[in-house]
Amino acid sequence: MREALELARRAGASGDVPVGALVMGADGEILGRAGNRREADQDATAHAEVLALREACERLGSWHLDRATLVVTLEPCTMCAGALVNARIGRLVFGAYDPKAGAVASLWDVVRDSRLNHRPTVMGGVMAAESEQLLSEFFAARR
């Protein structure tokens, strides 16, 4: 999570919402990493999770990430939750809960919906205070 927080700091410094994500293989090797790039790329889908998943899939030569862990500083939105389910991520670890758009616990629970064909294990609230502080400082500076 510390590396994801550093990726989030970089995203925030470049004008994007400070969210960072990385995908780790079963052996702990980092397969993909990214910070939000929506503003930088002018791409609504350039969330940190999606970019990290893309990099991991490219590196492995497969979209099946069932032995991987996605670590992200903020609870995934519906788009990102759907992407990690479709990538068959084995485990999701996230920092801050997102009461406005969270799709893992706050508003919905997309990743553990029994109607879907894949459900990763989930651990939320990891280093949540640090993630929340980055977000609070970012948005306070823009008001």
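## Helix α4 and its cover

In α4, the buried residues are Cys80, Ala81, Gly82, Leu84 and Val85. Keep in mind that we're looking at a predicted model here. Those buried residues of α4 pack against α3, β3 and β4, the last of these being residues 91-96. Right after the helix, Arg88 has a positive phi of about 65 degrees.

Leu84 is a good residue to zoom in on. This α4 residue has a relative accessible area of 0%, so Leu84 counts as buried, the cut-off being under 20%. Leaving aside residues up to four places away in sequence, Leu84 touches Leu53, Leu70, Pro76, Ile89, Leu92, Val111 and Pro120. If you'd like a distance to check, take Asp66: its C-alpha is 9.8 Å from that of Leu84, with the two positions 18 residues apart in sequence numbering.

## Helix α3

Now for α3, which covers residues 48-60. With 13 residues at 1.5 Å a residue, α3 should span 18 Å, and its end C-alpha atoms are indeed 18 Å apart, so the two values agree.

Which residues of α3 are buried? They are Ala48, Glu49, Val50, Leu51, Ala52, Leu53, Ala56 and Cys57. Their cover includes the strands β1 (20-24), β2 (30-35) and β3 (69-74), along with helix α4 (78-86). Leu53, one of the buried residues of α3, is also among the residues that Leu84 touches. α3 is followed by Gly61, and there phi is positive, near 70 degrees.

## Thr69 in strand β3

β3 is part of what covers α3, and the buried residues of α4 pack against β3 too. Thr69 sits in this strand. Is Thr69 buried or exposed? Thr69 is buried, because its relative accessible area is 12% and the cut-off for buried is under 20%.

Setting aside residues up to four places away in sequence, Thr69 touches Leu22, Val23, Met24, Arg91 and Val93. In terms of elements, β1 takes in residues 20-24, while β4 takes in residues 91-96.

## Ser136 in helix α5

Over to α5, which runs through residues 128-142 and holds Ser136. Ser136 has a relative accessible area of 46%, which makes it partly exposed, that class lying between 20% and 50%. From Ser136 to Met24 it's 27 Å, C-alpha to C-alpha, and the two are 112 residues apart in sequence. Met24 is also one of the residues that Thr69 touches.

## The whole chain

Zooming out, the protein has 5 helices and 5 strands. Going along the sequence, they come in the pattern α-β-β-α-α-β-α-β-β-α. The radius of gyration is 14 Å, close to the 15 Å from the globule rule for 143 residues, so the protein is as compact as a globular protein of that length. If you're setting up a box, the C-alpha atoms fill roughly 40 × 30 × 25 Å along the principal axes.

How much of the protein is buried? Buried residues account for 48% of the 143. Of the contacts with a separation of 6 or more, 56% join residues 24 or more positions apart. As for the surface, the accessible area comes to about 7300 Å², and carbon and sulfur atoms hold 49% of that. On the charge side, there are 17 positive and 19 negative charges, and their mean positions lie 2 Å apart.

Note on methods:
Residues numbered from 1 in each chain as written. Predicted model: local features only at pLDDT ≥ 70, side-chain atom pairs only at ≥ 80, totals over all residues. Heavy atoms only, no water. Helix = DSSP H or I, 4+ residues; strand = E, 2+ residues; numbered from the N terminus. Expected span 1.5 Å × (residues − 1). Buried < 20%, exposed > 50% of the residue type's maximum accessible area, 1.4 Å probe, protein only. Contact = heavy atoms within 4.5 Å. Rg over C-alpha atoms; globule rule 2.2 N^0.38 Å. Areas by Shrake-Rupley, 256 points an atom, 1.4 Å probe, with all protein chains shown as cover. Lys, Arg positive; Asp, Glu negative; His and termini not counted. Charge placed at Lys NZ, Arg CZ, Asp CG, Glu CD.
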